[in-house]
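Biologist: I am new to this structure and would like to learn how to read it. Could you walk me through it?

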Amino acid sequence: MAQTEKKGGLLRKSSASKKPLKEKVVLMYDEIFTTEDPSKCNPRFWEELFLMKVNLEYLEGKLEALDGEELMKIKDNINCLFQHCIQALGEEHPIRVVNALQTLCALIRGVHQKNKSTSGFDIINMLVGFDKAELCMKVRTLLFPVCARGNFNTCVCTQVTDNISQNTILEYVMINSIFEAILQILSSPLSRREHGYDAVVLLALLVNYRKYESVNPYIVKLSIVDDEATLNVIPFLTLKLHPYSFLFRQYKDKEEEHQSGFFSALTNMVGSMFIADADEKISVQTNEAILLALYEAVHLNRNFITVLAQSHPEMGLMTTPTSPIPMTPVTPLGTTPPSSDVISSAELPLDADVQTSNLLITFLKYSSIVMQDTKDEHRLHSGKLCLIILTCIAEDQYANAFLHDDNMNFRVNLHRMPMRHRKKAADKNLPCRPLVCAVLDLMVEFIVTHMMKEFPMDLYVRCIQIVHKLLCYQKKCRVRLHYTWRELWSALINLLKFLMSNETVLLAKHNIFTLALMVVNLFNMFITYGDTFLPTPSSYDELYYEIIRMHQNFDNLYSMVLRLSTNAGQWKEPASKVTHALVNIRAIINHFNPKIESYAAVNHISQLSEDQVLEVVRSNYDTLTLKLQDGLDQYERYSEQHKEAAFFKELVRSISINVRKNLAFNTLSQELLLKEFSTIS
């Protein structure tokens with residue numbers, strides 16, 4: 001007798017005398033793939049189908065085996081299957097919901113594969129039928145709050161194709177908007193706890209559907225949201241669902257691992273003679289989808305920026321949800337959904353100042369961890385998104401007013417990368433300062449810690465741009481910020497030194513003169529307008545002291561750009577711009593250095609102290625001549641469509657792929673899915 005087995009829907013091998021036995025669900029699939037109505041002979045056909053355990057392998061095989069013409073012949077049955085899947089999703093029976101969802105995902109993907117060369121409305125016709133398409137989509141809008149845990153809408157966005165803008169099934173989701181249904185989920189504490197992550201990710205994906213090609217209703221609606229409850233929920237969710245405290249726990253674990261062991265002790269003693277490599281950084285898991293949602297909210301609607309500045313006393317009161325949020329078995333980097341242990345308060349190491357914090361502080365702390373490691377594509381995307389969000393904030397008038405408000409002081413414990421040449425800062429000694437100081441600290445930290453072989457040029461440019469925009473606000477509003485400006489000046493000078501030391505290697509990949517020009521112009525900003533925004537006259541004196549003390553770096557930079565600007569090479573024009581920008585810095589050096597040398601000679605001092613140099617500087621301002629440079633306090637505002645479209649298209653594609661892996665309905669057993677769907681009532 002042939003050995004009994006279950007493969008491809010067969011319960012036993014065929015033999016000469018007996019036909020192979022098939023699972024009942026396989027027989028029912030076979031009936032669907034005929035031209036006859038399967039419910040004619042069995043009125044309970046569709047009711048029974050979704051009580052059967054889905055055989056995805058067989059169903060997908062049947063769809064793959066058909067060509068376009070054969071599929072069109074059974075269109076009516078495909079329409080019926082789709083419509084009954086939709087109906088089953090709205091039922092209370094968890095087995096029917098799970099089976100309908102798995103069937104629907106396989107059907108959508110299979111039909112789309114057969115219609116790649118045709119228009120999306122042909123796909124709609126094949127799945128639903130033109131006459132019933134709008135009705136089905138309206139039904140889905142009503143059912144969305146019920147079935148959100150099933151990820152149906154996210155499935156429709158991501159299962160069909162990697163590029164969601166090519167998923168023309170979404171045209172009907174554009175016409176029959178589910179924006180209000182998403183907001184309904186986010187506004188209810190219970191549904192937000194159970195479905196909030198899926199709703200936020202879905203909204204981020206829908207906002208990016210053909211956003212550069214046509215009017216996207218989700219962009220329009222998100223940009224005009226002014227309801228206080230919604231405004232509070234979206235930014236709060238994006239930072240709490242993949243919370244800073246969870247990332248902090250990952251970071252602390254990695255930090256302890258990084259700092260322990262013989263190898264670490266040995267390298268700390270010996271030090272390093274090489275450029276810092278990306279491998280030395282502490283890596284943590286990030287979430288691009290959630291960051292994208294926060295970016296879209298902040299970029300499209302300035303009202304969300306005001307929410308970031310508001311205090312949230314409840315942030316420290318993180319409670320365990322009444323129903324656990326399940327972990328998805330597949331959790332690829334970049335789209336990891338939250339789990340019950342993430343939101344539980346029992347073991348999260350929260351900061352002492354969380355109770356009086358706000359979402360902007362949370363975001364800055366989050367960014368200080370995310371931006372440490374940019375060695376792979378996902379973390380690079382996350383770091384770039386953090387800087388783009390900060391760019392939007394730095395351009396906003398209200399955000400700047402809050403950041404620079406001297407009456408609103410906070411203690412912000414940013415996370416600093418372990419480096420062998422510096423000690424770990426004592427958290428207890430952190431001063432209370434306006435939040436702009438924390439933003440500047442974050443920029444300085446990035447500048448200091450990413451001078452490495454795989455130089456992240458784009459991130460450095462964004463970093464310098466953020467500093468410049470903050471200085472422009474300070475100059476415009478005459479805000480005298482009490483900040484340790486020397487740390488910024490020192491970081492900028494060391495960056496110039498790094499660019500010169502690695503000229504050959506970096507020029508093979510980047511136009512380093514663009515970055516050098518931006519750095520030099522930051523110094524020109526301080527030189528030209530520093531008296532309007534530096535806190536005290538002595539701060540302006542210290543600026544000159546640092547330029548004079550580090551004059552060799554500026555001299556070397558001038559020699560390098562002069563050499564390249566006098567040659568007829570590709571770098572002639574960008575190098576010439578740096579040459580012209582250095583005119584005032586060189587004037588300061590050439591004016592004060594002879595006077596300092598003369599002072600030392602007259603007073604028979606071999607090496608002057610800082611106070612003595614400052615005395616020379618203060619007494620010789622009157623004879624210094626500087627050129628007025630135009631445009632130092634002007635900048636080009638951030639524009640996504642013109643400069644960032646390629647980045648966001650690739651980012652959304654990456655998120656879509658990872659979300660699809662995360663859903664992974666075709667790899668999950670019915671038991672696991674039923675466990676996930678235990679919250680559906």
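Modeller: We will go from the whole protein to a helix, two loop residues and a pocket. Please keep in mind that this is a predicted model.

Biologist: Happy to start wide. How many helices and strands does the protein have?

Modeller: There are 35 helices and four strands. Of the 681 residues, 57% are buried. The protein exposes about 30400 Å², and 53% of that comes from carbon and sulfur atoms.

Biologist: What share of the contacts with a separation of 6 or more joins residues 24 or more positions apart?

Modeller: That share is 79%.

Biologist: Now a single helix, please. Which residues of α3 are buried?

Modeller: First the general idea: an α-helix has 3.6 residues a turn, so residues three or four places apart point the same way. In our case, helix α3 covers residues 56-65, and L56, Y58, L59 and L63 are buried there.

Biologist: And what covers the buried residues of α3?

Modeller: Their cover includes α1, α4 (68-73) and α6 (94-114).

Biologist: Let's try a loop. Is E23 buried or exposed?

Modeller: The general idea is a cut-off: a residue is called buried when its relative accessible area is under 20%. E23 has 13% relative accessibility, so E23 counts as buried. This residue sits in the loop between β2 (10-12) and α1. Its side chain makes a polar contact of 2.9 Å with the side chain of N55.

Biologist: Where does D37 lie?

Modeller: D37 is in the loop between α1 (24-32) and α2 (45-49). The range between 20% and 50% is called partly exposed. With a relative accessible area of 33%, D37 is therefore partly exposed.

Biologist: Which side chain does the side chain of D37 join in a polar contact?

Modeller: The partner is S39, at 2.8 Å. Sequence and space can also be read side by side: D37 and C80 are 43 residues apart in sequence, and their C-alpha atoms are 9.0 Å apart in space.

Biologist: Finally, the second largest pocket. How many residues line it?

Modeller: The lining has 29 residues, and V461, Q465, T514, M518 and E636 lie nearest the centre of the pocket. The volume of this second largest pocket is about 770 Å³.

Biologist: Which helix gives the largest share of that lining?

Modeller: That is α24, with eight residues. Helices α24 (457-477), α27 (512-533) and α30 (572-581) each supply at least two residues. Sorted by class, the lining of the second largest pocket holds 11 nonpolar, nine polar and nine charged residues.

Terms used:
Residues numbered from 1 in each chain as written. Predicted model: local features only at pLDDT ≥ 70, side-chain atom pairs only at ≥ 80, totals over all residues. Heavy atoms only, no water. Buried < 20%, exposed > 50% of the residue type's maximum accessible area, 1.4 Å probe, protein only. Polar contact = N/O pair within 3.5 Å; in protein donor to acceptor, adjacent residues only side chain to side chain. 1 Å grid on protein atoms, 1.4 Å probe; cavity = no way out; pocket = protein on both sides within 12 Å on 5 of 7 lines; lining within 4 Å. Points joined across faces, edges and corners; volume = space filled by probe spheres on them. Nonpolar A, V, L, I, M, F, W, Y, C, P; charged D, E, K, R; others polar. Contact = heavy atoms within 4.5 Å. Areas by Shrake-Rupley, 256 points an atom, 1.4 Å probe, with all protein chains shown as cover.
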